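Student: Please pick one part of this model and take me through it closely. Give the cut-offs as you go.

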Amino acid sequence: MTGGSGFRRDVQGLRGIAVALVVLEHASDIVPGGYIGVDVFFVISGFVITRLMLAEFQSQGTVSLRDFYARRIRRLIPALSVVLAGTLLLSMVVLSPGIEQESAVWAAVSSLFFVANVRYLLQGGYFFLESDPFRHLWSLGVEEQFYAVYPLLLLCVFVWSKRRGWNPSRVLGWTLLAVSAVSFVGASLLAVGELLPLATRLSFFGSPFRFWELMAGAMVAILVGKGVRQIPRPVVLVAQSVGLIAIVWPAVAYGPFTLFPGVAAIPPVLGTALLIATGSQLSPARILTESRPVVYLGNISYGLYLWHWPLLVFSKRLFPENSSALLVAVGLSIGLADVQLRFLEDPIRRRNDVIGRKAVKLMIGMSGAVLMICAALWAGAQWGWGVNRTAQFEELPSLTMECGYSDGERPNSAGCMAEGVSATRILLIGDSQAGALADAVVTVARQIGASYRVAFGNSCPVHARPNELRSDCSFIQSDFVQLASEFEPTVTVIANASDLYVTRGGFGKPDARIRSADGSMPNNYQEALENWVQGVSQVLTQKWSSNAAVVYVQMVPVAPTQNPSVLRPAAGTEVFPLKAGFDRNMIAQQERKALEGLQNVKILDPAKVLCGDGECALATSEGPIYADAYHLNTRGAGLLEPTLRALIEQISP
């Protein structure tokens, strides 16, 4: 078994390509699939670490876990601590006191202890966390969770093979192949929404389902050590060309709707593996990976990866309409990464005497400093840093808060139903948008003496096909039909958070995506939009819904986050432009085209009530009208009451 731990310029260049893809995807629309750069990093990391450990075993006859973890501490902790500290300090003046700064504190703590991926798995999808300055550190969590167990696996294989006289590299190769196969199959099944709740998030953030990518690099290290480098030049040229295309093509062709990782991760993973396995021989691809600019990016890749995202987040917050600010943020990230490499990363990483207790002291000291800043930011967030924190959003008590489905149970609270004196019978169903509208519907029903029934399932729309964000959505949708049969409404009010299943289904919560009629997931925005509109139109022509007149309430305009901060104390809290919600407006337009021909359907677009002259209200003289960016509170829903009542009276018998 041979290892070899010499520096490979082409591998460093691959790091440069990987970080460039990630930064470009975050800062622009040039490479929508640039997130595959993280997968390239995973393969490289598995290769480099395994190569070093194989070389150590060859020369020493064992692997020192103490030295391994000391190297990881020297490599990761100093730079990470500086970036965490710097980002937290910037958060004090850029982010709004209260929830935003408190969230930043917990994100920093989880990142410091390499469990950010677990936190984000429970919070929301990757793209949904676009305002979190620590979002990108989920990948460090995956990598370090892998290295918490991987050296132990290698050591066990080495010792076990040595005792039995077996070839350690062969045993290790087969072991890695078996484990990575299980990891890959699990990731692929989860990526298409099978097996478990929140499946696609678990596939993306879950360490066990990313391990196969790191192990692919590890297996390349074993193959290279066994002499795979002696490959005919024509084969090398083909292999490297295929490898480079397998990285570049997904970066351009993939996007937020791609079912990823799983099968879609195969091209960048295998492409990286091919380039590493054959990269020792000269070729056009190697000329690219060994070019000075690309290798330079590889040298600063760790610092650039750490710095670029928080600086992009802050630039968007401070200069939301200035695209040049993003370029400045990227340039500043490169400069900080360069300085950090020269004066922090390299000097500490080369200190081979920092092992054992010294390494532990280094980790405790730098981590302790970050935790102290976390505590200071937390305290300041409670105090408010002297910022006038006029609430942009405000949750208000609701008469119908208990009318949502829970654990597969239909809501039957007294506040969710009543019999009136008129012949009008109003049924309100839908997802959380129906919940936000519920008090307004009940108020209108009481005003006109109508009977009413309210039932809503958060993240479960009235649609021909259920989404997969909640395991009980199929039951809830079928129960909507049953409820309509039992209650026999004359007017059915339906309210859905349409953008959740279209735009946010791709960019934020992949589990919320609506499948096509054939069971496939949408591959892009257009398919997701068509799936949504077709399903809404289909359900409103079914017998159970067409028996009554329908008021279809469209998604409310999505309110941008405009919370005040130290640097922007006068952040707007009163109005926002309707045109800023392009995706919501596009969905509403397509819904109108599909539904306007249905004789029994009336459409209520909240934007026509809330957005005069293209400017949408965030508040009245009494206070905020939104509970959060996506939902009106009871005060805001009250603004829709006159229009809602007029429509109901117009179509009532």
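Tutor: Burial comes down to relative accessible area: buried is under 20%, exposed is over 50%, and partly exposed lies in between (1.4 Å probe, protein chains only). The model is predicted, so local features need pLDDT of at least 70 and side-chain atom pairs count only at pLDDT 80 or more, while totals for chains, interfaces and linings use all residues. Numbering starts from 1 along each chain as its sequence is written, and side-chain values use heavy atoms, leaving out hydrogens and water.

Take the sheet. It is open and has six strands (DSSP E runs of at least two residues; helices are H or I runs of at least four; both are numbered from the N terminus). Read across, the order is 1-3-2-4-5-7. The pairing is mixed. Two strands count as paired if DSSP finds at least two bridges between them. Strand 1 and strand 7 (601-604) stand at the edges. Each has a single partner strand, so one side of each has no neighbour in the sheet.

Now go inward to strand 5. Its residues are 549-553. How many of its five residues are buried? Five of the five are, so strand 5 is mostly covered. Both faces are closed off. On one side sit Ala549, Val551 and Val553. On the other are Val550 and Tyr552. Every one of these is buried.

Strand 5 has strand 4 (residues 491-495) as a parallel partner. Five bridges join strand 4 and strand 5. Two facing pairs fix the register. Threonine 492 is opposite valine 550. Isoleucine 494 is opposite tyrosine 552. Strand 5 also pairs with strand 7. That pairing is parallel as well, with four bridges. Here valine 551 faces lysine 602 of strand 7. So Val551 belongs to a buried face of strand 5, and Lys602 stands opposite Val551 from an edge strand.

Stay with threonine 492. This residue is part of strand 4. Its relative accessibility is 2%, so threonine 492 counts as buried. Contact here means heavy atoms within 4.5 Å. Neighbours within four places in sequence set aside, threonine 492 touches Leu427, Ile429, Ala548, Ala549, Val550 and Val551. Of that list, Ala549, Val550 and Val551 are among the buried residues of strand 5. Val550 is also the residue that threonine 492 faces across the strand pair.

Next, the approach to strand 4. Glutamate 488 lies in the loop between helix 18 (473-487) and strand 4. What is unusual in its backbone is phi: the value is positive, about 55 degrees, although glutamate 488 is not a glycine. Is glutamate 488 buried or exposed? Exposed, because its relative accessible area is 57%. Compare threonine 492 in strand 4, at 2%.

Finish at the edge. Glutamate 419 sits in the loop from strand 1 (417-418) to strand 2 (425-430). At 59% relative accessibility, glutamate 419 counts as exposed. Which residues does glutamate 419 touch, beyond those up to four places away in sequence? They are Arg425, Ser451 and Phe487. Two of these touches involve polar contacts (N or O pairs within 3.5 Å; within protein, one atom must be able to donate a hydrogen and the other to accept it, and residues adjacent in sequence count only through two side-chain atoms). The side chains of glutamate 419 and arginine 425 make one at 3.0 Å. The side chains of glutamate 419 and serine 451 make another at 3.2 Å. Arginine 425 falls within strand 2. Phe487 falls within helix 18. One more long-range link: glutamate 419 and glycine 449 are 30 residues apart in sequence, yet their C-alpha atoms are 8.5 Å apart.

A positive phi also turns up away from the sheet. Phenylalanine 114 has phi of about 60 degrees and is not a glycine. Its place is the loop between helix 4 (99-112) and helix 5 (116-123). With a relative accessible area of 15%, phenylalanine 114 is buried. Glutamate 488, by contrast, is exposed.
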